[in-house]
Amino acid sequence: MSFLVDVGNGERIRSEGHCSKVKFEMQGVEFEAYFHILDFSGANAVLAVQWLEKLGKIVTDHKALTMEFTYRGQPIKLVGAQNIRPKPTQSIHLQSRIFTSP
């Protein structure tokens, strides 16, 4: 299944396929997810809402950069990198995303 994805810089890229049941480790916890293959730089992987909804109820603290949830019966707390902050978006780019229909 191929589809277009809007990425942060305003471009649209096409998925190049998918991989099912990919196991990966994050902060010592092993997870499994379905990944779409995208040709982009800046990150090793992007976990989407479909992955998050499988985790159930999540308590997120955006200031402390933490996520807490129960996974396989165990309480999990993921902590974001404290020294990396997102760059502010340019208002013209944000406006183009708001008023662009698919």
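A contact here means heavy atoms within 4.5 Å. With the whole chain selected, the contacts between residues at least 6 apart in sequence include 22% that join residues at least 24 apart. This is a predicted model, in which local features need pLDDT of at least 70 and side-chain atom pairs count only at pLDDT 80 or more, while totals for chains, interfaces and linings use all residues. Residues are numbered from 1 along each chain as its sequence is written, and side-chain values use heavy atoms, with hydrogens and water left out.

Next, colour by secondary structure, taken as DSSP runs numbered from the N terminus (helices are H or I, at least four residues; strands are E, at least two). Two helices and seven strands appear, and along the sequence they follow the order β-β-β-β-α-β-β-β-α.

Then switch on the surface, whose accessible area by the Shrake-Rupley method with a 1.4 Å probe is about 8400 Å², with 55% belonging to carbon and sulfur atoms. Of the 102 residues, 17% are buried, meaning under 20% relative accessible area (1.4 Å probe, protein chains only).

Now go to the largest pocket, of about 520 Å³, the space filled by probe spheres set on grid points joined across faces, edges and corners. Select Tyr34, Phe35, His36, Val46 and Ala48, the closest to the pocket centre among its 17 lining residues. A pocket is an open set of points on a 1 Å grid over the protein atoms alone where a 1.4 Å probe fits, with protein on both sides within 12 Å along at least five of seven lines, and lining residues have an atom within 4 Å of a point.

Finally, select strand E4 (29-36) and helix H1 (49-55), the elements that give two or more residues to this lining; E4 provides the largest share, four residues.

Note on methods:
Buried means under 20% relative accessible area, exposed over 50%, partly exposed in between (1.4 Å probe, protein chains only).
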